[in-house]
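Please work through the exercises below with the sequence and the coordinates at hand. Each task is followed by a stepwise solution.

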Amino acid sequence: MSARARLLLLALPVVLGLAIAGLLPGRALAAPKHPGRVVAEKAQCNRCHPITGGLPAFKREMHCVDCHTWILGTKGDAAAIAKQREAFPDWDRYLESIVHFTRLPDLGTLARRVRPGALRAYLDAPYDLRPHLEESMIPVRLSAREKDALVDWLAGLAGPAVATDAPDTHADPAGAGPLTTDRIAAGRETFVQKGCPTCHVFGNVRFQPGFDAAFYKAMGPAAQLAPNLRFARERLPRAVFLRFVQDPRAVDPAVTMPALGVTPAEAERLADFVYGADPELSAPLPAAAPEVPVLSRPVPFDEVYDEVLGKICVHCHMDPAINDGDGGAGNTGGLTYPGKRLALESYAGLARGLRRDGKRVSVTTPGPNGEPPLLLAALLRRHREAARDQRPAFGDHAGLATAAAPDPQAPGMPLGLPALGVAQLSLIKTWLAQGAPGPVE
Ligand code: HEC
Ligand code: HEC
Ligand code: HEC
Ligand code: HEC
């Protein structure tokens with residue numbers, strides 16, 4: 001039985017409970033749902049994001065974040081770990097292997113600070129807003145009308161506190177006119193003095209030596225969700241920014257940013273910097289695929305499975321037979337995708353390929369004109385997407401928010417996760433070139 005199947009079994013009473021609750025009368029009398037809420041439910045946004053005041057969390061046994069944090073929540077608690085080990089012998093390995101999908105922004109309160117227009121643009125073309133978070137917002141297969149409805153719903157959840165799309169003026173309160181280089185320079189000093197760079201990057205501006213990607217990683221959860229502040233001028237109205245930096249939680253109760261004792265005058269200076277400074281972006285990255293060498297040694301299926309498929313892909317390409325009917329988004333569907341009927345939990349599943357137009361199509365053989373097998377093609381697409389939605393701290397470039405967005409009709413793999421490194425791609429490419437052999441008995 002797979003790890004997921006065991007966890008599912010444990011949660012069965014919850015599922016039954018929910019099923020029974022769904023049968024209760026009363027439910028039928030609920031007010032009509034906002035169309036955006038209907039879309040969010042269908043799209044399973046609450047399978048990753050909290051949506052305070054909007055939608056209850058998706059059930060834990062399918063919730064990417066809640067299941068992971070439930071497991072990681074036993075870290076350091078010897079008694080709890082011992083108890084879980086009885087049902088799940090590999091519990092200790094889980095604690096080591098889970099790193100992604102542990103914390104995501106709350107969509108329920110977001111529109112209190114972020115302009116609806118910015119949210120809408122983000123749904124069309126997500127980009128790497130949070131450089132310390134490796135996972136990415138997935139491209140979603142939704143119509144323009146569905147995305148409009150979603151944003152309208154999210155703005156409604158913010159209530160009267162909603163941030164508006166009205167343009168900003170930067171005339172300073174004392175009437176000193178538009179943003180000047182002096183004002184921006186003074187703002188930069190305040191930005192450093194208040195410690196903002198300990199969690200935030202601002203484009204590629206280097207405030208202090210030693211503040212590199214490793215430093216932010218070491219900051220852990222405190223900085224993990226901190227956005228790249230060079231996008232703030234598009235996202236937050238200046239007036240909201242001023243309130244937010246003085247008391248973040250008064251604006252958005254879901255944020256983890258601490259109040260830093262910022263005075264109104266300091267807030268104005270911080271805004272001058274954030275709205276006026278040059279983020280020192282590098283040139284747009286070329287969309288070239290990486291050089292992937294073919295190895296000269298044999299690569300067995302087991303190695304491909306251990307290093308890639310079993311580690312990363314099975315979570316969305318499961319075998320429904322051993323997972324309570326759920327094959328994951330890439331197999332039986334979910335996250336706005338109908339599913340490709342592609343199971344990657346065994347060689348047999350992989351060898352069956354995917355289903356297209358009612359027919360089985362191989363993912364391991366080259367196309368008729370020598371195109372790479374679909375498996376490799378999907379992994380290389382993710383590499384191209386990563387130039388936009390997966391940039392490390394100080395890897396910001398001028399094309400980030402304008403480069404072609406991931407195509408929801410042909411998303412790169414692994415969906416929402418970092419592109420595979422060249423070493424992993426090399427394994428796959430070599431194994432495919434060797435005829436995609438099955439496991440040796
Ligand atoms: C598989 C997990 C996953 C699902 C499902 C998902 N998201 Fe996201 N979303 C993310 C991640 C990861 C980020 C953070 C990316 C970043 O900030 O760099 C994100 C970011 C966002 C943001 C930007 C947050 C901000 O601060 O402005 C919005 C808006 C958003 N998601 C909306 C949605 C909506 C609406 C849905 C449902 C249609 C959805 N997401 C479904 C993973 C997910
Ligand atoms: C029922 C609990 C559960 C749910 C729900 C769940 N996971 Fe996991 N996830 C796990 C466990 C357990 C591991 C560690 C597996 C191992 O070590 O064999 C894991 C590991 C992972 C990993 C590899 C480690 C890492 O952090 O990169 C990825 C990727 C992943 N999960 C993605 C997802 C995604 C995406 C979803 C939602 C579609 C999801 N998971 C839902 C339990 C869950
Ligand atoms: C301890 C880490 C930390 C420090 C220090 C910090 N922030 Fe933040 N900040 C965060 C986090 C985390 C978020 C995002 C919360 C979320 O999206 O849930 C955030 C969000 C923001 C936002 C909203 C940005 C957006 O695009 O949504 C602004 C603006 C901001 N911070 C400004 C500042 C300024 C200015 C300073 C210095 C006075 C500062 N922060 C210091 C952690 C920090
Ligand atoms: C978070 C969920 C998720 C993860 C993780 C994931 N996939 Fe997928 N995968 C999907 C979805 C959803 C689709 C269907 C996309 C569509 O309908 O176009 C898909 C489709 C595919 C396809 C079919 C592409 C085509 O040409 O139609 C391949 C191949 C694939 N995935 C391989 C992988 C591999 C290899 C990994 C691990 C490196 C992986 N996936 C990880 C969700 C995921």
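The exercises concern ligand 3 and its surroundings.

This is a predicted model, in which local features need pLDDT of at least 70, side-chain atom pairs count only at pLDDT 80 or more, and totals for chains, interfaces and linings use all residues. Residues are numbered from 1 along each chain as its sequence is written, and side-chain values use heavy atoms, with hydrogens and water left out.

**Exercise 1.** Determine which residues coordinate the iron atom of ligand 3.

Solution. Step 1: take as donors the N, O and S atoms within 2.8 Å of the metal (3.2 Å for Na, K and Ca). Step 2: His-200, through NE2, and Met-257, through SD, coordinate the iron at 2.0 to 2.1 Å. Step 3: His-200 lies in the loop between α9 (181–193) and α10 (213–219), and Met-257 in the loop between α14 (248–251) and α15 (264–276), so the pair ties together parts 57 residues apart in sequence.

**Exercise 2.** Establish whether His-200 is buried or exposed.

Solution. Step 1: buried means under 20% relative accessible area, exposed over 50%, and partly exposed in between (1.4 Å probe, protein chains only). Step 2: with a relative accessible area of 11%, His-200 is buried. Step 3: Met-257, at 21%, counts as partly exposed.

**Exercise 3.** Identify polar side-chain atoms that lie close to an oxygen atom of ligand 3.

Solution. Step 1: an N or O atom in the side chain of Arg-113 is 2.3 Å from an oxygen atom of the ligand. Step 2: for Arg-130, the distance from a polar side-chain atom to an oxygen atom of ligand 3 is 2.9 Å.

Notes: Chains are lettered from A and ligands numbered from 1 in the order in which they are written. Helices (H or I, at least four residues) and strands (E, at least two) are DSSP runs, numbered from the N terminus. A polar contact is a pair of N or O atoms within 3.5 Å; within protein, one must be able to donate a hydrogen and the other to accept it, and residues adjacent in sequence count only if both atoms are side-chain atoms.
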